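The following exercises concern the fold, the core and selected residues of one protein chain. Each task is followed by a solution in steps.

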Amino acid sequence: MSIENVVYIGSKPVMNYCLAVLTSLKDEGSSVMLKARGRAISTAVDVAEITKNRFKENLTVENIDIGTEELESPEGRMRNVSTITIVLKN
């Protein structure tokens with residue numbers, strides 16, 4: 001999967017990410033990866049569901065990976081942050 005087919009989810013509106021997913025799914029059989037951490041996980045799930053149900057009915061969820069990353073807080077302490085990766089296939 002090329003780097004252009006990865007959408008990093010943050011704090012923008014959901015529809016901005018849906019548009020990014022739709023533009024990444026150019027060809028039949030192409031796939032896109034949604035990546036999110038922390039509070040953005042719910043936004044990533046919303047993007048996947050809205051894109052699948054409203055815009056592309058033939059879109060399937062190929063894989064979902066969850067995990068934990070260890071990040072340094074501004075105070076210098078290490079903390080755990082949840083992550084999710086959702087792969088959508090056209």
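Two strands pair if DSSP finds at least two bridges between them. Helices (H or I, at least four residues) and strands (E, at least two) are DSSP runs numbered from the N terminus. The model is predicted, so that local features need pLDDT of at least 70 and side-chain atom pairs count only at pLDDT 80 or more, while totals for chains, interfaces and linings use all residues. Residues are numbered from 1 along each chain as its sequence is written, and side-chain values use heavy atoms, with hydrogens and water left out.

**Exercise 1. Establish the order of the elements and the pairing of the strands.**

Step 1. The protein chain holds two helices and four strands. Read from the N terminus, their order is β-α-β-α-β-β.

Step 2. Strands β2 and β4 run antiparallel and are joined by seven bridges. Within this pair, Val32 has Leu88 in β4 as its bridge partner.

Step 3. Strand β3 (residues 60-72) is also antiparallel to β4, with twelve bridges between them. Asn63 has Val87 of β4 as its bridge partner, and Ile66 stands opposite Ile84 in β4.

Step 4. A hairpin is formed by β3 and β4, with five residues between them. In its turn, Gly76 has a positive phi of about 95°.

**Exercise 2. Describe the nonpolar core and the surroundings of Ile9.**

Step 1. Buried means under 20% relative accessible area, exposed over 50%, and partly exposed in between (1.4 Å probe, protein chains only). By this criterion, 34% of the 90 residues of the protein chain are buried.

Step 2. A nonpolar core is a set of buried Ala, Val, Leu, Ile, Met, Phe, Trp, Tyr and Cys residues joined through side-chain atoms within 4.5 Å. The largest such core has 17 residues, of which Val7, Ile9, Val21, Leu34, Val47, Ile86 and Leu88 touch the most other members. At least two residues of this core come from each of α1 (14-24), β2 (31-37), α2 (41-55) and β4 (78-89).

Step 3. Contact means heavy atoms within 4.5 Å. With neighbours within four places in sequence left aside, Ile9 is in contact with Tyr17, Leu34, Lys35, Ala36, Ala40, Thr43, Ala44 and Val47.

Step 4. Of the contacts in the protein chain with a separation of 6 or more, 65% are between residues 24 or more positions apart.

**Exercise 3. Classify Asn16 and Glu57 by accessibility, and relate each to a residue distant in sequence.**

Step 1. Asn16 is located in helix α1. Because its relative accessibility is 41%, Asn16 counts as partly exposed.

Step 2. Asn16 is 31 residues from Val47 in sequence, and their C-alpha atoms are 9.1 Å apart.

Step 3. Glu57 lies in the loop between α2 and β3. Glu57 counts as exposed because its relative accessibility is 61%.

Step 4. Glu57 and Asn90 are separated by 33 residues in sequence and by 9.3 Å in space, C-alpha to C-alpha.

**Exercise 4. State the overall dimensions.**

Solution. Taken along the principal axes, the C-alpha atoms of the protein chain fill a box of roughly 45 × 25 × 20 Å.
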